[in-house]
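Reader: I should like to learn how the features of a model such as this one are read. Could we begin with the packing of helices?

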Amino acid sequence: MTVKRSELHQYLNSYLNSGAIKDYCPNGLQVEGTESIGKVITGVTACQALIDKAVEEQADAILVHHGYFWKGEPEPITGMKKNRIKQLLKHDINLFAYHLPLDVHSEVGNNAQLAKLMGWQMDGPVDSSDPACPLVIGSVSESMTGQLFANELESKLQRPLTCWVEPTRPIQRLAWCTGGGQGFIDRAAALGVDAFITGEVSEPTIHSAREQGIGFYAAGHHATERYGAKALGEHLAGKFGLDVRFIDIDSPA
């Protein structure tokens, strides 16, 4: 089955509530391709390797979490950016990208999907009045040691943790933000949770965790955000009967 590009774009914007979310990049259709879409490749980042796979698969569209045209990046379309966009245009492939809207969605979002993978209870965003709030709170069903929690993360995500700080108490109450959310460490600690989980780490993050007695787990930006685009693609396959395939171009970051 196929769907018109405009219909798919409108549905995605509505389903992900992208118009209500202030972001660092344009959400939605970033590069226009063929009008009729039947095959979609989903992935985390619209890198050259994913585009090449989409060309190989003769896809009509690519749907990712990390697209193009970020605030502060150079505007000229040269070098790597030129090569990527040229390939999309040459093969008439649409590029759809949703950043924060795909982080925060209550069903297919990265935070929700990480909770589903790990078996955590997600209570919701820390700030329900802000549709762009990426920090969520929840819990595990039974308290566990910091070491056991680390083991479970590594097992479910199938990669070693970038780093972790063992908490001063057993872990049950959690706060998390997939991707580059290490800047939320102090806000998470103020919530009184036992552990904060994100993708990346900065030098001050470790000291904040140690001094505030909160467990901290950096599980990888890519590793914690593999699941939103995949879930969204599966949703579209069911909704429109599209041929959707998730391709994981791994990154150690």
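Author: Helices α5 and α6 are roughly perpendicular to each other, a label for angles of 65 to 115 degrees, whereas those under 35 count as roughly parallel, over 145 as roughly antiparallel and the rest as oblique. Helix α5 comprises residues 110-118, and its packing angle with α6 is about 105 degrees, the two axes lying 10 Å apart. On the α5 side the contact (heavy atoms within 4.5 Å) is made by L114, L117 and M118, and on the α6 side by E152, L153, K156 and L157. Five of these contact residues are nonpolar, two are charged and none is polar. Here Ala, Val, Leu, Ile, Met, Phe, Trp, Tyr, Cys and Pro count as nonpolar, Asp, Glu, Lys and Arg as charged, and the others, Gly among them, as polar.

Reader: On what conventions do these statements rest?

Author: The model is predicted: local features need pLDDT of at least 70 and side-chain atom pairs pLDDT 80 or more, while totals for chains, interfaces and linings use all residues. Residues are numbered from 1 along each chain as its sequence is written, and side-chain values use heavy atoms, leaving out hydrogens and water. Helices (H or I, at least four residues) and strands (E, at least two) are DSSP runs numbered from the N terminus; axes are lines fitted to C-alpha atoms, for helices over the stretch in contact, and angles run from 0 to 180 degrees between N-to-C directions.

Reader: What is the order of the strands in the open sheet of six strands?

Author: Strands of a sheet pair through backbone hydrogen bonds, either parallel or antiparallel. In this sheet the order is β7-β8-β10-β11-β12-β9, and the pairing is mixed; two strands pair if DSSP finds at least two bridges between them. Strands β7 (121-125) and β9 (163-165) are at the edges with a single partner strand each, so one side of each has no neighbour in the sheet. From one strand to the next, the twist averages 20 degrees.

Helix α6 (residues 146-157) packs on the sheet and touches β8 (136-144), β9, β10 (171-177), β11 and β12; the directions of α6 and β8 make about 115 degrees. Helix α8 (residues 203-212) lies across β9 and β12 and runs at about 25 degrees to β9.

Reader: In what sense do β11 and β12 pair?

Author: Strands β11 (residues 195-198) and β12 (residues 215-218) are parallel, with four bridges. Within this pair, I197 of β11 faces Y217 of β12 as its opposite residue.

Reader: Which residues lie on each side of strand β6?

Author: In a regular strand the side chains alternate between the two faces of the sheet. In β6 (residues 94-97), N94 and F96 lie on one side and L95 and A97 on the other, and all are buried. Buried means under 20% relative accessible area, exposed over 50% and partly exposed in between (1.4 Å probe, protein chains only). Strand β2 (residues 28-31) runs antiparallel to β6 and is joined to it by three bridges, with L29 opposite F96. Strand β5 (residues 61-66) runs parallel to β6 through four bridges, with I62 opposite L95.

Reader: Is P134, a loop residue between β7 and β8, buried or exposed?

Author: P134 has 12% relative accessibility and therefore counts as buried. Leaving aside residues up to four places away in sequence, P134 touches V104, N111, W176, C177 and F184. The C-alpha atoms of P134 and F184 are 9.4 Å apart, although 50 residues separate them along the chain.
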